[in-house]
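Thanks, everyone. I'll keep this short. Have a look at the structure first, then we'll walk through it.

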Amino acid sequence: MPVVVKRILFFVALILIWQGIFLLGIWPESMIPGPLTVAETIIAGFVDMTLVYDIVASFRHLLIGLAVSLVIGTLLGVLLAKVKTADETLGTMILALQSVPSIVWVPLAIIWFGFTEASIIFVVIIGGTFVMTMNMRIGIKNVAPIYLQAARTMGSKGMDLFMKVVVPASIPHAVTGVRLAWAFSWRALMAGEMLSTGPGLGYTLSYASDFNNMSLVIGIIIIIGVIGSIVDQLIFQRIEHKVLKRWGMEEAA
């Protein structure tokens with residue numbers, strides 16, 4: 001059975017179970033609305049363009065923050081891989097900061113930047129930078145010694161060796177870092193927007209929760225999950241697969 005068919009059947013079954021629980025009336029509709037009610041809420045949000053504006057705003061925050069985090073993360077990763085002292089000091093701090101949940105940075109961002117879009121973008125940058133840094137570091141450090149020895153034998157050294165051997169050899173890890181940075185940044189974005197003054201999906205989710213609009217809460221959660229899944233599987237997963245295949249690492253995927 002094709003994977004697509006399996007997934008469709010799975011989600012159809014999930015919706016039927018959800019509808020069954022709703023019809024049983026175990027919990028009030030204010031806590032668990034039916035799938036039809038949620039679907040109507042989502043459709044209404046797209047018809048009046050409120051959800052469209054929220055999605056556009058969220059992607060604007062994400063793209064700016066992710067782009068900055070990829071640049072900073074790449075530079076830091078190269079620094080840690082090439083400078084032992086930096087790896088032993090700054091690297092330890094980055095490893096510790098990577099384990100800090102993104103929402104922890106939100107109060108700091110609000111104090112520094114106020115309830116502005118800058119605070120949201122700051123949280124997104126933090127969310128993606130550290131994971132990109134560590135992947136770049138690992139990618140450069142794991143370059144096969146035989147590549148470096150062969151290049152040095154042919155007279156390559158310094159920047160020439162780095163650009164023509166180290167960078168190409170570390171691309172698979174860099175691509176994985178980009179994919180992970182996207183995932184971490186997407187989560188960080190929602191955390192930042194939930195405590196902002198809008199616009200964005202996270203803000204609307206928090207707003208709906210404050211007014212006990214559970215159908216909108218569940219609808220936005222579904223939208224966030226669907227967008228994350230589509231971007232990851234249709235864009236980043238395919239790019240990662242092609243890169244790993246190109247570098248002879250398809251089995252590792």
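Let's start at helix 9. Its buried residues are L201, G202, T204, L205, S206 and A208. What do they pack against? The buried residues of helix 9 face helix 3, helix 8 and helix 10. Right after helix 9 comes N212, and its phi is positive, near 55°. Keep in mind that this is a predicted model.

Now step back to the whole chain. The protein has ten helices and zero strands. Read from the N terminus, every element in the run is α: α-α-α-α-α-α-α-α-α-α. The C-alpha atoms fill a box of roughly 75 × 55 × 30 Å along the principal axes. There are 253 residues, and 39% of them are buried. Take the contacts between residues at least 6 apart in sequence: 68% of those join residues at least 24 apart.

What does the record add? An unreviewed UniProt entry places the feature "transmembrane region" at residues 7–27, 59–81, 93–114, 120–140, 161–184 and 214–236. I checked two of those spans against the model. Residues 7–27 are 86% helix and 0% strand, with the end C-alpha atoms 28 Å apart. Residues 120–140 are 100% helix and 0% strand, and there the end C-alpha atoms lie 31 Å apart.

Next, the cores. Which residues have the most contacts inside the largest nonpolar core? They are W182, W186 and L201, in a core of 38 residues. The elements giving two or more residues to this core are helix 2 (35–47), helix 3 (50–82), helix 6, helix 7 (145–153), helix 8 (158–194), helix 9 (201–210) and helix 10 (214–246). Helix 8 gives the largest share, eleven residues. So L201 turns up twice: in the buried list of helix 9, and among the core residues with the most contacts.

Look at W182 more closely. Leave out residues up to four places away in sequence, and W182 touches L62, L66, I227, G228, V231, D232 and F236. There is also a second, separate core, with twelve residues, including A86, V106, A109 and I126.

On to empty space. How many cavities of 30 Å³ or more turn up? A search of the whole structure finds one. Its volume is about 40 Å³. The lining is V106, A109, I110, S119, I120, V123, G192, L195 and S196. Helix 5 (105–113) and helix 6 (117–141) are the elements that give two or more residues to that lining. By class, the cavity lining has six nonpolar, three polar and no charged residues. Note V106 and A109: both line the cavity, and both belong to the second core.

Last, the largest pocket. About 540 Å³ of space lies in it. It is lined by 17 residues, and the closest to its centre are F11, L14, I15, I222 and V226. Which elements give two or more residues to the pocket lining? Helix 1 (3–24), helix 2 and helix 10. Helix 1 gives the largest share, eight residues. The pocket lining divides into 13 nonpolar, three polar and one charged residue.

To recap: ten helices and zero strands, a largest nonpolar core of 38 residues, one cavity of 30 Å³ or more, and a largest pocket of about 540 Å³. That's my tour. Over to you.

Conventions: Residues are numbered from 1 along each chain as its sequence is written. This is a predicted model: local features need pLDDT of at least 70, side-chain atom pairs count only at pLDDT 80 or more; totals for chains, interfaces and linings use all residues. Side-chain values use heavy atoms; hydrogens and water are left out. On a 1 Å grid over the protein atoms alone, a cavity is a set of points where a 1.4 Å probe fits but cannot get out, and a pocket is an open set with protein on both sides within 12 Å along at least five of seven lines; lining residues have an atom within 4 Å of a point. Grid points are joined across faces, edges and corners, and a volume is the space filled by probe spheres set on the points. Helices (H or I, at least four residues) and strands (E, at least two) are DSSP runs, numbered from the N terminus. Ala, Val, Leu, Ile, Met, Phe, Trp, Tyr, Cys and Pro count as nonpolar, Asp, Glu, Lys and Arg as charged, and the others, Gly among them, as polar. UniProt positions are given in the numbering used here, feature names are shortened, and annotations may be inferred rather than shown by experiment. A nonpolar core is a set of buried Ala, Val, Leu, Ile, Met, Phe, Trp, Tyr and Cys residues joined through side-chain atoms within 4.5 Å. Buried means under 20% relative accessible area, exposed over 50%, partly exposed in between (1.4 Å probe, protein chains only). Contact means heavy atoms within 4.5 Å.
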